Amino acid sequence: TNPVHAYGTFEGFLGISSQAKWLRVHNTMEWVDYYDPIQIEDLRRFFDRYLKDMENGWEKTPKVRLSVLDPGGIDEVGRVENDFPPAQFQYEQLFLDASAGALTMNPVAQESKVQYRADDGKGQATFTIRFEEESELIGYLKLRLWVEADGADDMDLFVLVQKLNKEGDPFTSTVVHLPEDVMKVPIGLLVYPGPNGRLRVSHRQLDEERSTPSRPYHTHKMEELLSSGQIVPVEIPIYPIGMRWHGGEQLRVIVAGYDLKGPLFPGTPLAPTRNKGKHIIHTGGTYDSHLLVPMIRR
């Protein structure tokens, strides 16, 4: 749930070459988790085994222990798995339909587009789908967009994935429960709005060797500015997720030209952008804009 450190933490786990590695995903911020007596003892056993060479049975610890957030319900903490993402998931494409502001399980035949003001801190495009059955998303997400800039030669895109209730109101998860007398901690670090991603379109070049369908890597070695009327595909990595949807609840993707999370700390400036004019998102037909999700259906 950490909006800063989570992506690097999972990348670190997946990148470790040794098989002697363990992953435990909590449903709070690390400030709370690190000082929980149970978790302190868990870490002590790990360090005793590998720093003091003590035979304490640590190897029997499950390789992966996940938390599955359930905003509006009850989180599942400590789910035992053999790997991350879990073996039972399947990647599915949720296709964007600009004409309806919707996500759909099937490719959209009709081409359409949606646009928003890029530089006013308000403009955005939204796409929503309702899950008819209980579903979980556990793993990495990716958003593929076909985009065009009207009035600029570059675009900064910000993405947020939200869980909505049956009525269409967004849920958030409270990840740090603090007494009122210490509520000086910035509210942006107390709640989890959902996984996010971002990309400057001129840096869209992919590292073909490192990239996978769900985890695009960008080289950041060259700048590819846009020309007037040019429509280009971009692959936007999104933070990994572990979240449950019940039947009737909805998933919404928001795309905007400003950081949808807002500043993490009061007074911290938002990321500078090159946005001007309008952003245009193309969907349907030859424009296969879609959200790739790691789906587990219950």
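This is a short tour of a predicted model, stop by stop, with what to select and what is found there.

**Stop 1: helix α3**

Select residues 37–51, which make up helix α3. At 1.5 Å a residue, its 15 residues should span 21 Å, and the end C-alpha atoms are 20 Å apart, so the two values agree.

Now add Asp 36 to the selection. Asp 36 caps the N-terminal end of α3, with a side-chain oxygen 2.8 Å from the backbone nitrogen of Ile 38. Go to the other side of the helix and select Asp 53: just after α3, this residue takes a positive phi of about 60°.

Which residues of α3 are buried? They are Gln 39, Asp 42, Asp 48 and Arg 49. Show β1 (23–24), α2 (30–33) and β2 (64–68) as well, since these are among the elements that cover the buried residues of α3.

Next, select Leu 43, Phe 47 and Leu 51. These three form a nonpolar patch on the surface, and together they have about 310 Å² of accessible area. An α-helix has 3.6 residues a turn, so residues three or four places apart point the same way. Keep Leu 51 selected, a residue of helix α3. Is Leu 51 buried or exposed? Its relative accessibility is 69%, so Leu 51 counts as exposed.

**Stop 2: a salt bridge between α1 and a loop**

A search of the whole structure finds 28 salt bridges. Side chains of opposite charge can pair when their charged atoms come close.

Select Glu 11 and Arg 215. Their side chains meet in a salt bridge, at 3.0 Å from N to O. Glu 11 lies in helix α1 (residues 6–15) and Arg 215 in the loop between β12 and β13, so the pair ties together parts that are 204 residues apart in sequence. Both partners are buried: Glu 11 has a relative accessibility of 17%, and Arg 215 has a relative accessible area of 18%.

**Stop 3: Glu 76 and its partners**

Select Glu 76 and Arg 79. They form a salt bridge in which the closest N and O atoms are 3.0 Å apart. Arg 79 is buried, with a relative accessible area of 10%, whereas Glu 76 counts as partly exposed at 27%.

Add Arg 244, whose side chain also meets that of Glu 76 in a salt bridge, at 2.8 Å from N to O. This pair links distant parts of the chain: Arg 244 is in strand β13 and Glu 76 in strand β3 (residues 76–81), 168 residues apart. Arg 244 counts as buried, at 9% relative accessibility.

Which residues belong to the network that these salt bridges are part of? Select Asp 70, Glu 76, Arg 79, Glu 81, Glu 134, Glu 136, Lys 163, Arg 244 and Glu 249, which are joined into one network by salt bridges that share partners.

**Stop 4: Gln 250 and Lys 166**

Select Gln 250, in strand β14 (residues 250–256). Gln 250 is buried, with a relative accessible area of 10%. Beyond four places in sequence, its contacts include Thr 128, Ile 129, Arg 130, Lys 163 and Trp 245.

Another of its contacts is Lys 166. Lys 166 is in the loop between β9 (156–164) and β10 (173–174). Draw a line between the C-alpha atoms of Lys 166 and Gln 250: they are 84 residues apart along the chain and separated by 6.5 Å. Lys 166 also touches Arg 130, Gly 247, Gly 248 and Glu 249.

**Stop 5: Leu 103**

Select Leu 103, in strand β5 (residues 102–104). At 6% relative accessibility, Leu 103 counts as buried. The residues it touches include Leu 94, Phe 95, Phe 127, Leu 251 and Val 253. Now select Gln 88: its C-alpha atom and that of Leu 103 are separated by 23 Å, with their positions 15 residues apart along the chain.

**Stop 6: Ser 202**

Finish at Ser 202, in the loop between β12 (196–200) and β13 (232–245). Is Ser 202 buried or exposed? Ser 202 is buried, with a relative accessible area of 0%. Leaving aside neighbours within four places in sequence, Ser 202 is in contact with Asp 154, Met 222, Glu 223, Glu 224, Leu 225 and Arg 274. Select Asp 153 too: the C-alpha atoms of Ser 202 and Asp 153, 49 residues apart along the chain, are separated by 8.4 Å.

How values were computed:
Residues numbered from 1 in each chain as written. Predicted model: local features only at pLDDT ≥ 70, side-chain atom pairs only at ≥ 80, totals over all residues. Heavy atoms only, no water. Helix = DSSP H or I, 4+ residues; strand = E, 2+ residues; numbered from the N terminus. Buried < 20%, exposed > 50% of the residue type's maximum accessible area, 1.4 Å probe, protein only. Contact = heavy atoms within 4.5 Å. Expected span 1.5 Å × (residues − 1). Polar contact = N/O pair within 3.5 Å; in protein donor to acceptor, adjacent residues only side chain to side chain. Patch = residues over 30% accessible without salt bridge, like charges linked within 9 Å, V, L, I, M, F, W, Y side chains within 5 Å. Areas by Shrake-Rupley, 256 points an atom, 1.4 Å probe, with all protein chains shown as cover. Salt bridge = Lys/Arg side-chain N within 4 Å of Asp/Glu carboxyl O.
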